[in-house]
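Please walk me through this model in a viewer, stop by stop, telling me what to select next and what is to be found there.

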Amino acid sequence: MASAELQGKYQKLAQEYSKLRAQNQVLKKGVVDEQANSAALKEQLKMKDQSLRKLQQEMDSLTFRNLQLAKRVELLQDELALSEPRGKKNKKSGESSSQLSQEQKSVFDEDLQKKIEENERLHIQFFEADEQHKHVEAELRSRLSTLEMEAAQHQAVVDGLTRKYMETIEKLQNDKAKLEVKSQTLEKEAKECRLRTEECQLQLKNLHEDLSSRLEESLSIISEKVPFNDTKYSQYNALNVPVHNRRHQLKMRDIAGQALAFVQDLVKALLNFHTYTEQRIQIFPIDSAIDTISPLNQKFSQYLHENASYVRPLEEGMLHLFESITEDTVTVLETTVKLKTFSEHLTSYICFLRKILPYQLKSLEEECEASLCTSALRARNLELSQDMKKMTAVFEKLQTYIALLALPSTEPDGLLRTNYSCVLTNVGAALHGFHDVMKDISKHYSQKATIELELPTTTQKLITTNDCILSSVVALTNGAGKIASFFSNNVDYFIASLSYGPKTGSGFISPLSAECMLQYKKKAAAYMKALRKVQQSLEKISKLEQEKEHWMLEAQLAKIKLEKENQRIADKLKSTSSGQVVGVAQEKAAVATATGQEEASAKAVPEPVHSTSEAPDVESREDLIRNHYMTRIVELTSQLQLADSKSVHFYAECRALSKRLALAEKSKEALTEEMKVASQSISRLQDELTTTKRSYEDQLSMMSDHLCSMNETLSKQREEIDTLKMSSKGNSKKNKSR
């Protein structure tokens, strides 16, 4: 097969080479024709040069003849001028000579006229021939240059093609050599593969026979032992606990943590945006410290003051969703019950946006109707109105898709599993749309703030509020961009992780089956923990058995050492006296029975039969040995009992400590929950405190501005009263003087 491919490749290269060779022949023929044409043109150019030289020679001869005739005419004119006065003097006497000169003059005039006409005709012919020669020469030179350029180009093309052909030939030769080597190696590999295939076929045959026998055995066992196959039906398979994927759970928890951080930034930016918008309504277009704002803006301000109760639950819902994703759970759409809570909070916030949207549009229209509103500012307000509508529409679209994603955890038939990827893709598109809308709002609001800065009635309070709103809009834009890029980067992982579920199944049938599966997972985890404890207990028992064997071996070694010591003592006694053999044997028996049966067996030892003089010494030694080993045994037993009592005490203490640790962990969890609730309440109170503080500060600033205006009016009134008093005094003085 490889040789056929090589042959086909070689044939293709040969065909290309033949085509290129034919093209080369055509190009060579064209170059030869052009060279012949250029040679013919050069010959024509030489002939034209020769004719031009002839014409130039004729021209030179004609000019010389013309000069001679001109000199002769001048001489004749001079002679005529000299002959005229003479004729006047000798008029009477020379009438015959005058007639003769007149005839000669007429002859000369005719001859001169002919020469002039001939000269003129020759000049015209020479000029025309010169112009024609120049024109032909220019045409021939231009044609020669073009032909030389074309010849050079053709020569360059021919050189390039020949170089290319030589390179192609060398390359083809190298490829041919490589392909021959490769074909040889492939033939060797093909032979090896044939041998391997034969071996594999034998192995496959053996494996097939083995697997068929195992299959028959397994089928018989399944038919006899297994009551039913729970993976065959999707309703039963959904209750099976999937294989625990710890990496998947850690990845999902990390992603949920990142999403929580982005949502927290978004919530903070939304709170600032709504709060600073409320402050702007209080000071523009009418400052509430000077005059009463319109009822529309009052209602709008009242609604905006309630923004925290709609925005804060978004962060809380995302926090609960993050806490529900742990290492021990199975995170799929059917088990994320807390996503429904987040969707409900988002729905309530969208209701809030729908409620404030008409007031926001009317408020912008009211700004446009103000007397100081320019056309540029009116255009920016209209653009912001469209942007606010787009923002509400984008939030509605996002809430629709999130509500669809929350359906599998509550309604089994709410969303088909085949539509999960489409919904997730649309969520990413909605987030990018939200980012685009926020960019437009930031752009238009910055232009609006710049225009308002140039107005003569703009106060410092309005400039500060516009800067705060612009910073919150920029934060919203950045947060929307981050969460959109984050979702786009992880959407492939979300789509791929949807298959995480029961083995050989399409997924969970309903949220109830998912909940039952989680309960079974907890039971399975508890069962595995109990098995682990049993395994630990078995390992501990085996360890104790090993220790028991060790101590039994130690006891046997001690017994052997004792027997050796007794033997040594007996040998010693034998060396002192030969009549003590029976006593030593009895002593050995007594010591052996004393070690095995303690004090009771020691009392049953028969008295040794020996002489009366040596009996007290033997008995004293036996008593010493017996007492020594008995005291040693008593000490060891007491130490063993003490160790047992200590171990029991330590075991009881460990159990008590484990119980106390479990209680402490429970109390810690309760305290952490209380701390979370307390921190949430603290944050809520802090938000309320900041809003109230801002409102109080605004009211105080309004009151201070109002007091300043009242002081100004009072000072003006006092000045007017003083002027009136002065004028009345002046009038009274005038009246008195009168």
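## The whole chain

Of the 738 residues in the protein chain, 26% are buried, and it should be kept in mind throughout that this is a predicted model. Colour the chain by secondary structure to begin with: the assignment comes to 13 helices and zero strands, so the reader who follows the elements from the N terminus on meets an α element at every step, because helices are the DSSP runs found here. Among the contacts with a separation of 6 or more, 85% are between residues 24 or more positions apart. If a surface is switched on, its accessible area comes to about 50700 Å², with 57% of this belonging to carbon and sulfur atoms.

## The largest nonpolar core

Hide the surface and select Y349, M391, F395 and M438, which are the residues with the most contacts inside the largest nonpolar core, a set of 69 residues. Showing the elements that give two or more residues to this core means displaying α4 (246–283), α5, α6, α7, α8 (375–406), α9 (420–453) and α10 (460–496). Which element gives the largest share of this core? It is α4, with 15 residues. Now centre the view on Y349 and leave out residues up to four places away in sequence: what remains in touch with Y349 is L270, H274, Y310, V311, L314 and F395. In soluble globular proteins, nonpolar side chains tend to be buried together.

## Two buried positions in α8 and α10

Select R380 next, in helix α8. Is R380 buried or exposed? Its relative accessibility is 17%, and R380 therefore counts as buried. Beyond its neighbours within four places in sequence, R380 is in contact with H444, Q447, K448 and I451.

Move on to G481, found in helix α10, which is likewise buried, with a relative accessible area of 18%. A distance drawn from the C-alpha of G481 to the C-alpha of L431 comes to 8.0 Å, although the two residues are 50 residues apart in sequence.

## Salt bridges

Side chains of opposite charge can pair when their charged atoms come close. The count for this model comes to 15 salt bridges, and a few of them repay a closer look.

Select K355 and E306 first, where the closest N and O atoms of the salt bridge are 3.8 Å apart. This pair links distant parts of the chain, since K355 belongs to helix α7 (residues 338–368) while E306 sits in the loop between α5 (295–304) and α6 (308–324), 49 residues apart. Both partners are partly exposed, K355 with a relative accessible area of 28% and E306 with one of 30%. Then add R280, E367, K448 and E452 to the selection, for salt bridges that share partners join these four residues into one network; K448 has already appeared on this tour as a contact of R380.

## Along helix α2

Turn now to helix α2, which spans residues 95–225, and pick out D130 and K134, whose side chains meet in a salt bridge with an N to O distance of 3.9 Å. These two residues both lie in α2, four residues apart, about one turn of the helix. D130 counts as partly exposed at 22% relative accessibility, and K134 also counts as partly exposed, at 47%.

Further along, E137 and R141 form a salt bridge of 2.8 Å, N to O, and they too lie four residues apart in helix α2, about one turn of the helix. R141 is partly exposed, its relative accessible area being 49%.

Stay in helix α2 for S183, which counts as buried at 13% relative accessibility. What lies 2.5 Å from a polar atom of the side chain of S183? Displaying the backbone shows the oxygen of E180 at that distance.

## A nonpolar patch on the surface

For the last stop, bring the surface back and select Y527, M528 and L531, which form a nonpolar patch with about 320 Å² of accessible area together. Within this group, L531 lies in helix α11 (residues 511–576) and is partly exposed, with a relative accessible area of 37%. Patch members need over 30% relative accessible area, so L531, at 37%, meets that cut-off.

Notes:
Residues are numbered from 1 along each chain as its sequence is written. This is a predicted model: local features need pLDDT of at least 70, side-chain atom pairs count only at pLDDT 80 or more; totals for chains, interfaces and linings use all residues. Side-chain values use heavy atoms; hydrogens and water are left out. Patches are made of residues with over 30% relative accessible area and no salt bridge: like charges are joined within 9 Å, nonpolar side chains (Val, Leu, Ile, Met, Phe, Trp, Tyr) within 5 Å. Accessible areas come from the Shrake-Rupley method with a 1.4 Å probe; for residues, only the protein chains shown count as cover. Buried means under 20% relative accessible area, exposed over 50%, partly exposed in between (1.4 Å probe, protein chains only). A polar contact is a pair of N or O atoms within 3.5 Å; within protein, one must be able to donate a hydrogen and the other to accept it, and residues adjacent in sequence count only if both atoms are side-chain atoms. A nonpolar core is a set of buried Ala, Val, Leu, Ile, Met, Phe, Trp, Tyr and Cys residues joined through side-chain atoms within 4.5 Å. Contact means heavy atoms within 4.5 Å.
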